[in-house]
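Please look at the sequence and the structure shown here before reading on. The report below goes from the overall division of the chain to single bonds and contacts.

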Amino acid sequence: MDAEASSPVSPAPIRSRAFATEAVHAGRDDLASLGLHAAPIDLSTTYPSYDSRAEAERIDAFAATGARPDGPPVYARLDNPTTARFETALARLEGTGSAVAFASGMAALTAVLLARAGAGLRHVVAVRPLYGCSDHLLGAGLLGTEVTWTDPAGVFDALRPDTGLVMIETPANPTLAEIDIQAVAHSCGTVPLLVDNTFATPVLQRPAGHGARIVLHSATKYLGGHGDVMGGVVACDEEFAATLRQVRFATGGVLHPLAGYLLLRGLSTLSVRVRAASATAAELARRLTADPRVARVHYPRLGGAMVSFEVHGDPHRVIAGVGLVTPAVSLGSVDTLIQHPASISHRIVDEGDRRAAGVGDRLLRMSVGLEDVEDLWADLDQALSAEAAGSPPAARTRTAPRRQEPAGQERQRAGR
Ligand SMILES: *Cc1c(COP(=O)(O)O)cnc(C)c1O
């Protein structure tokens with residue numbers, strides 16, 4: 001009898017696993033064999049070696065191929081084993097060969113643009129709206145990028161011999177406009193299509209399966225999911241990932257290993273968080289649509305936990321009037337956030353371009369969290385009433401002081 005096959009410790013046969021299972025297990029497959037349950041955090045910035053020749057070979061191999069170093073990473077800017085677990089897991093969830101993590105979503109986009117510019121391809125075709133700072137990075141020429149803005153149907157005609165990238169966001173920040181990824185990918189031909197999948201997450205949409213070669217995330221949002229970690233990640237094939245690792249090594253936008261740990265942990269609850277928040281968001285979108293105080297509601301056919309809406313009057317009064325909902329930029333946390341894109345997330349975009357992209361002055365963007373739907377509705381309801389009445393809300397439910405004050409000096413703020 002084959003001793004190997006009958007061994008009680010031989011691993012179970014590999015079969016394809018469902019998304020929810022991968023979310024919990026991907027990037028952690030070796031933990032049991034290491035005698036661990038939680039992923040270890042490796043905070044090393046450097047790795048000892050008594051063999052400089054072997055180190056030289058590892059450095060040469062990385063410079064030549066961009067592949068993850070074989071053995072210890074030499075230096076933390078090359079690679080980190082904790083962050084690599086997050087990269088492995090995210091690639092599995094997006095259905096790509098690899099993923100490369102960065103210090104933020106903007107660091108990730110910067111690396112993609114530099115990688116394409118390094119190949120002499122500085123022209124980008126992009127569809128508005130994009131996240132405000134992405135729009136700014138492409139358009140301001142900070143990286144020598146030249147951009148042609150178009151609509152999805154105009155992508156093919158906008159391509160040039162030096163086009164290195166086509167970039168779209170769907171559902172888009174902040175209008176939640178949706179784009180047919182497959183149709184745009186078809187128009188792109190051999191030019192790589194980048195889809196910013198921050199809003200949908202791989203729970204709702206896996207762009208690589210629709211022809212996108214590059215999938216970008218602000219991991220700060222749903223992947224982390226708790227508003228306490230900043231990161232970015234690019235899911236792509238191993239060939240492009242190798243180039244991105246070389247850019248990351250040279251430019252230094254690495255993800256901290258503690259952030260890598262938190263993002264891996266975030267992925268394990270991604271499915272349940274996104275599904276629960278999406279159900280609440282769909283119900284809030286339904287109530288807002290039926291509400292005469294609301295002029296227009298944007299909610300994607302795809303679903304998701306983001307809802308945008310326009311009021312008839314002053315959107316700033318809604319922001320001033322919320323109590324349970326937090327008035328803050330960003331999204332994807334366990335708690336509900338609301339913000340005014342024209343003032344905050346998309347402030348950096350030229351006013352005319354912003355309006356043309358559908359980001360009007362009355363638009364509010366809400367990231368729905370995991371609170372009870374009735375509590376959220378009660379809060380929105382009183383903020384909308386205050387807006388409609390044209391006055392600040394009479395009684396807020398907010399009780400916590402804005403800043404931590406020394407014990408004994410805490411003032412009563414209810415009723416303000
Ligand atoms: C927040 C965001 C980004 C930028 O990510 P950071 O982590 O803040 O750098 C990019 N794209 C979208 C859609 C975003 O919401």
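## Two domains

The domain bounds used here come from an automatic or database domain assignment. In this predicted model, the chain is divided into domain 1, which covers residues 19–268, and domain 2, which covers residues 271–412. When the centres are taken over C-alpha atoms, 29 Å separate the centre of domain 1 from that of domain 2. To the contact between the two, domain 1 gives 31 residues and domain 2 gives 33 residues.

## The interface between the domains

The size of an interface is often given as the accessible area lost when the parts come together. For domain 1 and domain 2, the area buried between them is about 2600 Å², and 63% of it lies on carbon and sulfur atoms. Which residues of domain 1 lose the most area to domain 2? They are Pro174, Leu204 and Tyr222, which together account for 25% of what the domain 1 side buries.

Charged and polar groups also meet across this interface, where 2 salt bridges are found between domain 1 and domain 2. The count of residue pairs in polar contact between domain 1 and domain 2, with both residues at pLDDT 80 or more, is 13. On the side of domain 1 that touches domain 2, the helices α2 (19–25), α6 (132–139) and α9 (201–204) each supply at least two residues, and the largest share, 4 residues, comes from α6. Sorted by kind, the residues on this side of domain 1 are 15 nonpolar, 12 polar and 4 charged.

## A sheet of five strands

The model contains an open sheet of 5 strands, which follow one another in the order β8-β9-β12-β11-β10 and have mixed pairing. Its edge strands are β8 (294–298) and β10 (326–327), each of which pairs on one side only.

How many bridges join β8 to strand β9? There are 4 of them, and β8 and β9 (residues 306–311) run antiparallel. To follow the pairing at the level of single residues, one can start from Arg296, whose bridge partner in β9 is Glu310.

## Salt bridges

By the distance rule used here, the count comes to 25 salt bridges. One salt bridge joins Arg301 and Glu178, whose closest N and O atoms are 3.9 Å apart; this pair counts because the rule accepts a side-chain nitrogen of Lys or Arg within 4 Å of a carboxyl oxygen of Asp or Glu.

Another salt bridge is formed by the side chains of Arg287 and Glu283, with a distance of 2.7 Å from N to O. Both Arg287 and Glu283 lie in helix α12 (residues 270–289), where they are 4 residues apart, about one turn of the helix.

## Unusual points of the backbone

Where in the chain are peptide bonds cis? One of them runs from Arg128 to Pro129, with omega near 0 degrees, and Pro129 lies in the loop between β2 (123–127) and α6. Another cis peptide bond joins Thr170 and Pro171, with omega about -10 degrees, and Pro171 is placed in the loop between β4 (163–169) and α8 (181–188).

A further point to find is Val74, which has a positive phi of about 75 degrees although it is not a glycine. Val74 is located in the loop between α3 (52–65) and α4 (81–94).

Key. Residues numbered from 1 in each chain as written. Predicted model: local features only at pLDDT ≥ 70, side-chain atom pairs only at ≥ 80, totals over all residues. Heavy atoms only, no water. Contact = heavy atoms within 4.5 Å. Buried area = accessible area lost by both parts, 1.4 Å probe. Polar contact = N/O pair within 3.5 Å; in protein donor to acceptor, adjacent residues only side chain to side chain. Nonpolar A, V, L, I, M, F, W, Y, C, P; charged D, E, K, R; others polar. Pairing = 2+ DSSP bridges.
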